[in-house]
Amino acid sequence: MDKQTALLIIDMINPLSFEHGEDIYPQTKETAEKIALLKDAMKARGCPILYVNDNYGKWQSDFNQLVYDIKTSHELGATIAARLEPTENDYSVIKPKYSGFFNTPLHLLLEHLEVHTLVLTGIVGNMCVQFTANDAYTLEYSLVIPQDGIASFTQKDTDVALHHFKHILKADVRPIQTWIKK
């Protein structure tokens with residue numbers, strides 16, 4: 001991976017205060033640990049790190065304030081937000097809907113950074129990650145979506161999403177450890 005490859009961390013800064021948030025929490029926490037390792041490895045190689053995150057209906061939100069509010073809360077997602085907290089040189093894009101590209105400057109930012117390959121991670125694998133992946137594929141980005149870098153409500157949901165990523169979007173779905181070693 002090089003500077004033309006970017007890591008997208010999708011919706012991991014999240015209170016998990018939605019219906020079934022408790023159900024997805026264990027898998028999300030485990031996934032967050034792996035994403036943190038991948039983030040460190042990619043950052044060491046000079047790859048851009050981008051947080052693509054929901055605004056949770058707070059239309060005047062600031063991403064840094066959102067991170068602070070969640071990590072200092074008593075919500076389930078507080079420890080995950082603290083673990084994956086962005087650093088000064090990371091980028092953030094607030095999305096209003098499922099896809100990180102829909103009505104956001106994400107594509108323009110990626111063009112500015114001269115990125116051609118996206119490593120997608122986050123929650124929910126068969127929703128926001130999949131919508132973002134579909135749009136990325138349409139925009140002709142090469143995709144890496146590590147099988148252990150996404151979490152969904154059920155393993156079946158994750159398996160169906162991974163099948164779609166691999167066979168339809170031509171994404172590389174090998175585990176995160178594969179990318180840490182490169």
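**Exercise 1.** Leaving aside its neighbours within four places in sequence, with which residues is Ile13 in contact?

*Solution.* The model is predicted, so local features need pLDDT of at least 70 and side-chain atom pairs count only at pLDDT 80 or more, while totals for chains, interfaces and linings use all residues. Residues are numbered from 1 along each chain as its sequence is written, and side-chain values use heavy atoms, with hydrogens and water left out. Taking contact as heavy atoms within 4.5 Å, one finds Tyr51, Asn53, Tyr56, Phe63, Val67, Ile70, Ala81 and Leu84 as the partners of Ile13.

**Exercise 2.** Place Ile13 in the largest nonpolar core.

*Solution.* A nonpolar core is a set of buried Ala, Val, Leu, Ile, Met, Phe, Trp, Tyr and Cys residues joined through side-chain atoms within 4.5 Å, where buried means under 20% relative accessible area (1.4 Å probe, protein chains only). The largest such core has 29 residues, and Met12, Ile13 and Leu84 have the most contacts inside it. Next, among the elements that each supply at least two of its residues are strand 1 (5-10), helix 1 (21-44) and strand 2 (49-54), these being DSSP runs (helices H or I, at least four residues; strands E, at least two) numbered from the N terminus. Helix 1 gives the largest share, seven residues. Apart from this core lies another, of 28 residues, including Leu143 and Leu169.

**Exercise 3.** Find how the residues lining the largest pocket divide by class.

*Solution.* The lining includes Asp11, Tyr56, Lys95 and Cys128. With Ala, Val, Leu, Ile, Met, Phe, Trp, Tyr, Cys and Pro as nonpolar, Asp, Glu, Lys and Arg as charged, and the others as polar, the lining divides into eight nonpolar, one polar and three charged residues. A pocket here is an open set of points on a 1 Å grid over the protein atoms alone, where a 1.4 Å probe fits, with protein on both sides within 12 Å along at least five of seven lines, and lining residues have an atom within 4 Å of a point.

Conventions
Buried < 20%, exposed > 50% of the residue type's maximum accessible area, 1.4 Å probe, protein only.
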